[in-house]
Amino acid sequence: MAKSSLAAGAVVGGSKKKSVKEYTGRQKAAIFLVTIGSDISSEIFKYLREDEIETLTFEIARLETIDAEQKDAILQEFQELMMANQFISTGGIDFARELLERSLGSQKAIDIINRLTSSLQVRPFDFIRRTDPAHLLNFIQQEHPQTIALILAYLEPNKASIILQNLPNEVQSDVARRIATMDRTSPEVLREVERVLEKKLSSLSSEDYTAAGGVESIVEILNLVDRASEKQIIEALEDEDPELAEEIKKRMFVFEDIVMLDDRAIQKVMREVDSQELAKALKSVDSEVQDKIFKNMSKRAASMLKEDMEYMGPVRLKDVEEAQQKIVSIIRHLEDTGEIVVARAGEDELVV
């Protein structure tokens, strides 16, 4: 392999040879980037923050001579960490440890897992990520609504939505409200709930408070439940906490989601929308949304709308968002009255 310009700059000077264990994580990352060459390194930089790029550039600039043996050892270490990270993402810590033990031996597997978990936050309830939602539902439905809310907040939204929609009606809205108003949970509480779900504790890698729940969390879950469950939960929340219900409804369907509507539904919506409001609403959206609207208008109407947008000039973001919200409200009203259908994940397709 030809030596890259980065590598050429990194091997200037000489000093006593270090062992790989003496290098810091940043230095190893710098050596890794030097070894793979400037072309690939520049692609990696695209995914890093500016401060991370500055740190790595500094480390690269101050690297001393790195011999082939050290480079190979660091590349091997990165490969093992990436493999372990992939196993953790697939099936959790225990799953990763088991596979690593088979291929690398017990001690090596423990070293790699410890190195990863010392720098990565292991998500609470990791041990139930592969549990079937139906089994989990049977296990937790008798728990206190706050406990159920905490568990659902940490689950993937598609699994959480299955459990939420199958809870008793009187519990659904209570759990939804608790997820939406949840902020931070202490490690002690998380550990106690985990202990109830699993006899032995799942180790948390940090004593920091972890954030879960909130309005965005319940919106993501509600977007995946069936329409009947969503409607029942929202209606119950409107009675219990009208402000929270309104905040959730505002985020359930954002203006850009209009591209998910079929042409007939968009045409019906357009008949209810003021042209000036529509012109403002389209000012900050991408071409895909604009094209979807223009396509469902006559050539003359589309031309007039484009002229309105051009002559309108700069518009305050607040005014754009207000116009978009008015149109979203119209869409939700038409959906509630059955005049249009908004596609939702997990629902059966309509047979015409």
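Analyst: Helices (H or I, at least four residues) and strands (E, at least two) are DSSP runs, numbered from the N terminus. The model under discussion is predicted. With that convention, Leu-155 is placed in the loop between α9 and α10.

User: How many helices and strands are there in the protein?

Analyst: The protein has 20 helices and two strands.

User: What share of the 352 residues counts as buried?

Analyst: The cut-off for buried is under 20% relative accessible area. Of the 352 residues, 41% count as buried. As for contacts between residues at least 6 apart in sequence, 75% of them join residues at least 24 apart.

User: Does a place in a loop settle accessibility, or must one look at each residue? To begin with, is Leu-155 buried or exposed?

Analyst: The value is read residue by residue. Leu-155 has 8% relative accessibility and therefore counts as buried. Its C-alpha atom lies 9.9 Å from that of Pro-133, although 22 residues separate the two in sequence. Glu-64 is also a loop residue, found between α4 (50-61) and α5 (68-91). Because its relative accessibility is 41%, Glu-64 counts as partly exposed. The C-alpha atoms of Glu-64 and Ile-31 are 9.8 Å apart, with their positions 33 residues apart along the chain.

User: Which class applies to helix residues such as Ile-53 and Lys-250?

Analyst: Ile-53 is part of helix α4. With a relative accessible area of 25%, Ile-53 is partly exposed. Beyond its neighbours within four places in sequence, Ile-53 is in contact with Phe-45 and Leu-48. Lys-250 belongs to helix α15. Its relative accessible area is 38%, so Lys-250 is partly exposed. The C-alpha atoms of Lys-250 and Arg-332 are 9.7 Å apart, while the two residues are 82 apart along the chain.

User: How should one read a nonpolar core, and which residues have the most contacts inside the largest one?

Analyst: The general idea is that, in soluble globular proteins, nonpolar side chains tend to be buried together. In this model, the largest nonpolar core has 36 residues, and those with the most contacts inside it are Leu-152, Leu-164, Val-175, Ile-218, Leu-222 and Ile-248. The elements contributing two or more residues to this core are α8 (133-140), α9 (145-154), α10 (157-166), α11 (169-180), α12 (187-197), α13, α14 (227-240) and α15. The most is given by α9, with seven residues. A second, separate core of 27 residues includes Phe-253, Ala-265, Met-270 and Leu-278.

User: With which residues is Ile-218 in contact, leaving aside its neighbours within four places in sequence?

Analyst: They are Leu-164, Ala-176, Ile-179, Ala-180 and Ile-248.

User: How is a helix pair described, and at what angle do the axes of α13 and α15 cross?

Analyst: One reads the approach of the axes, the angle, the handedness and the residues in contact. The axes of α13 (residues 215-222) and α15 (residues 242-252) come within 9 Å and cross at roughly 60°. The two helices are therefore oblique to each other. Their crossing is right-handed. On the α13 side, the contact is made by Val-215, Glu-216, Ile-218, Val-219 and Leu-222; on the α15 side, by Leu-244, Glu-247, Ile-248, Arg-251 and Met-252. By class, these residues are seven nonpolar, no polar and three charged.

User: Which residues of α11 meet α13, and at what angle do the axes of α11 and α13 cross?

Analyst: The axes of α11 and α13 come within 7 Å and cross at roughly 140°. An angle over 145 degrees would count as roughly antiparallel. The pair α11 and α13 is therefore oblique. Ala-176, Ile-179 and Ala-180 of α11 meet Val-215, Ser-217, Ile-218 and Ile-221 of α13. The classes in this contact are six nonpolar, one polar and no charged residues.

User: Lastly, what is the handedness of the crossing of α18 and α19?

Analyst: The crossing of α18 and α19 is right-handed. The axes of α18 (residues 287-295) and α19 (residues 299-312) come within 9 Å, at a crossing angle of roughly 140°. That makes α18 oblique to α19. Gln-290, Ile-293 and Phe-294 of α18 meet Ala-302, Leu-305, Lys-306 and Met-309 of α19. This contact comprises five nonpolar, one polar and one charged residues.

How values were computed: Residues are numbered from 1 along each chain as its sequence is written. This is a predicted model: local features need pLDDT of at least 70, side-chain atom pairs count only at pLDDT 80 or more; totals for chains, interfaces and linings use all residues. Side-chain values use heavy atoms; hydrogens and water are left out. Axes are lines fitted to C-alpha atoms, for helices over the stretch in contact, and angles run from 0 to 180 degrees between N-to-C directions. Angles under 35 degrees count as roughly parallel, over 145 as roughly antiparallel, 65 to 115 as roughly perpendicular and the rest as oblique. A crossing is left-handed if the near helix is turned anticlockwise from the far one by less than a right angle, and right-handed if clockwise. Contact means heavy atoms within 4.5 Å. Ala, Val, Leu, Ile, Met, Phe, Trp, Tyr, Cys and Pro count as nonpolar, Asp, Glu, Lys and Arg as charged, and the others, Gly among them, as polar. A nonpolar core is a set of buried Ala, Val, Leu, Ile, Met, Phe, Trp, Tyr and Cys residues joined through side-chain atoms within 4.5 Å. Buried means under 20% relative accessible area, exposed over 50%, partly exposed in between (1.4 Å probe, protein chains only).
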